[in-house]
Amino acid sequence: MLYKIEEQTNVFKKLEPLEFKDFSSFGKLADNLENLIASSILDVLFEEARLMPAFQRKQRPVGADIYALNEIGELLLFILKRSTDGEDAVNQALRYMQNAGQWSNQKLEEKFIRHSQNETSLVQAHKEAFGLEHELEPEKMNNKQHLFVIGSAADQSLISHVNYWKKNGISIYFLPYRFYELAGENYLEFFALPHDQHKNPRDVKGVIFDTNRRWDENSIWSMIDNSRLEAYGDAKNFVHDIHVDDIVFFSHEWCGLIAAAKVKGEIKVLDSETLYRDVEFLTPTPNRKDNRMLAMPFSQVKLKTGKTFFWARTIKIPYLSKSEALELVEVLNNYLYQT
């Protein structure tokens, strides 16, 4: 809930709950809500959730909106609903969950490959995404399912039915949203499990950022030579998640961390496929004339930070705090200078 703080003589005196709205009050289609949340759920709403998107429903009428895997191979289904759906919505979601639970590993892999549009096997992609030492055995994939129903915080019928099945042992969760209209602009309030944890966008953070090596071996040199952080194509909007003064660590696939830099500039457009920010390097940078690329292995990054990262994104999560980032800069400097 959002509250307005009423103040008298410079003293906070009272909290006034603000009116919130249902999505339908904006005159938008249900698909518009689903597309809005689906396009943001794993990158924005679940900011540091270590979830690997398996596939997303493209067409109606059958299936959850998003299917994702966690580190131990369990399947998470996300269902997006309007406030008018009620009991039928939950029953329908449970059917989707039941159907998904009966998929063979081959069927799940076929869906993943069709969605990802590459030939990497599901277990291999899962191993790379979570930085696992070994691939999961195929039979351990999808051996448990979890259902997340996303709906209006005002939909008591939906909440009641989710709670009923949860009390009866079903792994089902309700994620509420509220819409507000303030000063002529629209706002979404969303609650992500377990504690709706998000870093304050104002705080300086450390970000491990992919250099795009898998698709373009030369993209790293554009960044190094021009002191830039660049992102391309479908991934270019990740640049918006990084702000001035953030500390960026350049993650070069199959090598490790090759440099760190402080973000200095606002977002700029290089071309229709490229966004970038200017940076100031804080460590030695690679030289394309060298015979090898100096890099701190990813295993060392995990050891030094005490964190397990989700590697299958342009931005690797979780983020680092400012102090953690500065410590990693020092460690990376020592490693690169001594290597």
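# Strands, turns and a surface patch

Biologist: Where does alanine 183 lie?
Modeller: This is a predicted model, and the place described here is taken from it. Strands β7 and β8 form a hairpin with two residues between them, and alanine 183 is in the turn. Alanine 183 therefore belongs to no strand by this assignment; its place is the loop between β7 and β8.

Biologist: Is alanine 183 buried or exposed?
Modeller: A residue counts as exposed when its relative accessible area is over 50%. For alanine 183 the relative accessible area is 86%, so alanine 183 is exposed.

Modeller: The backbone at this turn deserves a question too.
Biologist: What is phi of alanine 183?
Modeller: Alanine 183 is a residue other than glycine, and its phi has a positive value. In the turn of the β7-β8 hairpin, that phi is about 50 degrees.

Biologist: In which sense do β7 and β8 pair, parallel or antiparallel?
Modeller: The two strands share six bridges. Across the pair, glutamate 181 stands opposite asparagine 186 in β8. The sense of the pairing is antiparallel.

Biologist: How many of the eleven residues of β7 are buried?
Modeller: Buried means under 20% relative accessible area. Strand β7 is largely enclosed by the rest of the structure, because its buried residues number eight of the eleven.

Biologist: Which strand pairs with β7 in the parallel sense?
Modeller: The pairing runs over six bridges and involves residues 172-182 of β7. One of the bridge partners in β7 is tyrosine 173, which faces phenylalanine 148. The strand in question covers residues 145-152 and is β6.

Biologist: Which are the edge strands of the open sheet?
Modeller: The sheet has six strands in the order β3-β4-β5-β6-β7-β8, and its pairing is mixed. An edge strand pairs on one side only, which holds for residues 52-56 and for residues 185-190: these are β3 and β8.

Biologist: By how many degrees are neighbouring strands of this sheet turned against each other on average?
Modeller: The sheet is the open one with the order β3-β4-β5-β6-β7-β8. With direction ignored, the average turn between its neighbouring strands is 25 degrees.

Biologist: Which helix packs on the sheet and touches β6 and β7?
Modeller: Strands β6 and β7 are paired with each other in the parallel sense. The direction of the helix makes about 160 degrees with that of β7. The helix spans residues 156-167 and is α6.

Biologist: Which residues of helix α7 are buried?
Modeller: Helix α7 covers residues 219-226. What covers its buried residues includes β10, β11, β12 and β14. The buried residues are Ser219, Ile220, Trp221, Met223 and Ile224.

Biologist: How does serine 227 count, buried, partly exposed or exposed?
Modeller: Serine 227 comes just after α7, in the loop between α7 and β10. Its phi is positive, near 50 degrees. Buried means under 20% and exposed over 50%, so with 27% relative accessibility serine 227 is partly exposed.

Biologist: Which residue does a cis peptide bond join to isoleucine 317?
Modeller: The omega of this bond is about 10 degrees. The partner lies in strand β15, residues 315-321. The residue joined to isoleucine 317 is proline 318.

Biologist: Which residues form a nonpolar patch on the surface?
Modeller: Together the members have about 520 Å² of accessible area. Strands β1 (3-8) and β2 (11-17) each give two or more residues to the patch. One member, leucine 15, lies in β2 and is exposed at a relative accessible area of 53%. The patch consists of Met1, Tyr3, Ile5, Phe12 and Leu15.

Biologist: What percentage of the residues in the chain is buried?
Modeller: The chain has nine helices and 15 strands. It exposes about 18400 Å², of which carbon and sulfur atoms supply 47%. Of the 339 residues in the chain, the buried ones make up 44%.

Notes. Residues are numbered from 1 along each chain as its sequence is written. This is a predicted model: local features need pLDDT of at least 70, side-chain atom pairs count only at pLDDT 80 or more; totals for chains, interfaces and linings use all residues. Side-chain values use heavy atoms; hydrogens and water are left out. Patches are made of residues with over 30% relative accessible area and no salt bridge: like charges are joined within 9 Å, nonpolar side chains (Val, Leu, Ile, Met, Phe, Trp, Tyr) within 5 Å. Accessible areas come from the Shrake-Rupley method with a 1.4 Å probe; for residues, only the protein chains shown count as cover. A salt bridge is a side-chain nitrogen of Lys or Arg within 4 Å of a carboxyl oxygen of Asp or Glu. Helices (H or I, at least four residues) and strands (E, at least two) are DSSP runs, numbered from the N terminus. Buried means under 20% relative accessible area, exposed over 50%, partly exposed in between (1.4 Å probe, protein chains only). Two strands pair if DSSP finds at least two bridges between them. Axes are lines fitted to C-alpha atoms, for helices over the stretch in contact, and angles run from 0 to 180 degrees between N-to-C directions. Contact means heavy atoms within 4.5 Å.
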